[in-house]
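Me: I've got a model open and want to check the labels people put on it. Mind going through them with me?

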Amino acid sequence: MSASGLPAVILVGGEGTRLRPLTARTPKPMLPLVDRPLLAYTFEHLARHGVDRAVLSCGYLPTQIEAHFGERHGRLALSYRVEPTPLGTGGGIRFGAEGISSTFVALNGDVLHGADLGAMLAFHRERGAAGTILLAPVDDPSRYGLVRCAEDGRVRAFVEKPRAEEIDTNLINAGLYVLEPKVLELVEPGGPVSIERDVFPRLVEAGSLYGFRLDGYWRDIGTPESYLEAHRDALERNFASELGDSLGSDYTLIAADARVAEGARLVPPVYVGAGALIEAGARVGSLAVIGAGARIGAAAEIDSAVVAAGARVGARTKVVGSIVGEQAEVGAGCQIRGLSVVGPGATVGERNMLDHGIRIAAGETISSDALTFS
Ligand code: GTP
C-alpha cells in the first residue's frame, strides 16, 4: 500500500531554542543539512511515499520557508499557514489541518527517517485507530518519554522520564502520526496545546491510539550534537536521500566551482560547496562539510565539523567536532572544539580557544587572545 493521496501537515513553527545561536536568524527546518535545508529531506521522504500535498504550520521566522520553497517541491504541492501566536504541537496540527476532512499524516519538521508510510497507513486502517504514532527504538530510552504498547500495538501508557525499573520498552515517539480528523476535536482552540501531553493521553484512555514500530534509521534534530550527527549520517549514507545518491562511491562531493589548492587534503566523507575555497596545506575531513562560498585558510584543519556557507576560517585554525555558522569569521591560530558553536555572523579574533560546548552569539565579536580553556 502506498500513502498516495494522504495529505500532510508539517510542524515548522518552533523556535529551536536548543540550537541557538544557529536558529537566531534561521528557523530550524531551514538550517542546512550538507547542501540543502533540513526540510527538503522531509519533503523528499513524503514524496517518495506518494504524499502529494503538504501544509506547513509555521510560526517562528515563517517567511524564509515560503520564500525558499514556494508552491512546490518536486511533486509535492506546498501551502503555508502562519500561526498568530505559538499554538504548540497540537494547536499547530489543528491550525494546519483546517479544511482536511480525511485521514492525514502530521509530523515534526525536524526529524529524519525512512518510515514506510504506506505500511503505517495500512496498520492504522486495519485497527480502526483514531491515531497511530510512529515509534522509534532507541539505545538509551531513559533520556526520552517511553511509549508502552500492547501486543496488537494499542498504546497503553506514556512514561515520561522513566526510572530505571520502569524501562520495559525502548520505543519512543518519533514525531510522526497518522490521524483521523476527529482527533482535532480534542484540541482546545486558542492557547497552546501539546499533541503529546494534552491530546494523546485522552486517546489512550479511549483505547484508540496505536503505535507503529519504525524499522531503521531515525534521528531528531534538536541540539548541536544531533545536528552534527545528522551531517555524519547524511555523509555516510545512513539514510536514503538524494544527497546520499549524489555522493559517489568515494563519499566525496566537491562542487564544480569549488577551489581546492594544491597541497590541501580532503579526507572522505567530505562535502565542499559551490564557490568554496580550501587553501594550501589545509586538511578537511573526515566528516566535514564546507558550505557554499566558505573559505578555509592555509594549514587549517576541519574534522567532524560544519563550516556553514560564507564563513571564513583563518590559517592554522582547527575546527573539530564543532559548528561555525553562516558568514561567521574565525581568525588565525584558533582552536574550536568540543561541540562549540560560533553563531552566524560572529567574529572570533585570532588565537582564541573555544571548547566545552561554548556558544558565541550571532553577530558577537570576540577579540584576539580573549578565550582560553585549560
Ligand atoms: P526547542 O525550542 O529547541 O525545543 O525546539 P523546537 O521549538 O523545534 O521544539 P520541539 O523540537 O519540541 O518541536 C517539535 C516540532 O514541533 C518541531 O518541528 C517544531 O517546529 C514544532 N513546533 C513546536 N512548537 C510549535 C508551535 O507552537 N507551532 C508550530 N506550528 N510548530 C511547533
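**Labels and their grounds**

Reply: Sure. Keep in mind that the model is predicted. In helix H3, which spans residues 88-96, the buried residues are Gly 90, Gly 91, Gly 92, Ile 93, Phe 95 and Gly 96.

Me: What do the buried residues of H3 pack against?

Reply: They pack against helix H5 (195-206) and several strands, including E1 (8-11), E4 (53-58) and E12 (171-179).

Me: Why is Arg 48 called partly exposed?

Reply: Its relative accessible area is 45%. Buried means under 20% and exposed means over 50%, so a value in between gets the label partly exposed. Therefore Arg 48 is partly exposed at 45%. For context, Arg 48 sits in helix H1 (residues 38-48), and it touches Ala 240 and Ser 241, leaving aside residues up to four places away in sequence.

Me: What makes the pair of Gly 14 and the ligand a polar contact?

Reply: A backbone N or O atom of Gly 14 is 2.9 Å from a ligand oxygen. The cut-off is 3.5 Å between N or O atoms, so this pair qualifies. Ser 57 has a backbone N or O atom 3.0 Å from a ligand nitrogen, and a polar backbone atom of Gly 109 is 3.1 Å from a ligand oxygen.

Me: How much of the ligand does the protein bury?

Reply: 81% of the 610 Å² that the ligand exposes when taken alone.

Me: And which residues are closest to the ligand?

Reply: Of the 18 residues around the ligand, the closest are Leu 11, Thr 17, Arg 18, Glu 83 and Gly 88. The shell splits into four nonpolar, nine polar and five charged residues.

Terms used: Residues numbered from 1 in each chain as written. Predicted model: local features only at pLDDT ≥ 70, side-chain atom pairs only at ≥ 80, totals over all residues. Heavy atoms only, no water. Near = heavy atom within 4 Å. Polar contact = N/O pair within 3.5 Å; in protein donor to acceptor, adjacent residues only side chain to side chain. Areas by Shrake-Rupley, 256 points an atom, 1.4 Å probe, with all protein chains shown as cover. Nonpolar A, V, L, I, M, F, W, Y, C, P; charged D, E, K, R; others polar. Buried < 20%, exposed > 50% of the residue type's maximum accessible area, 1.4 Å probe, protein only. Helix = DSSP H or I, 4+ residues; strand = E, 2+ residues; numbered from the N terminus. Contact = heavy atoms within 4.5 Å.
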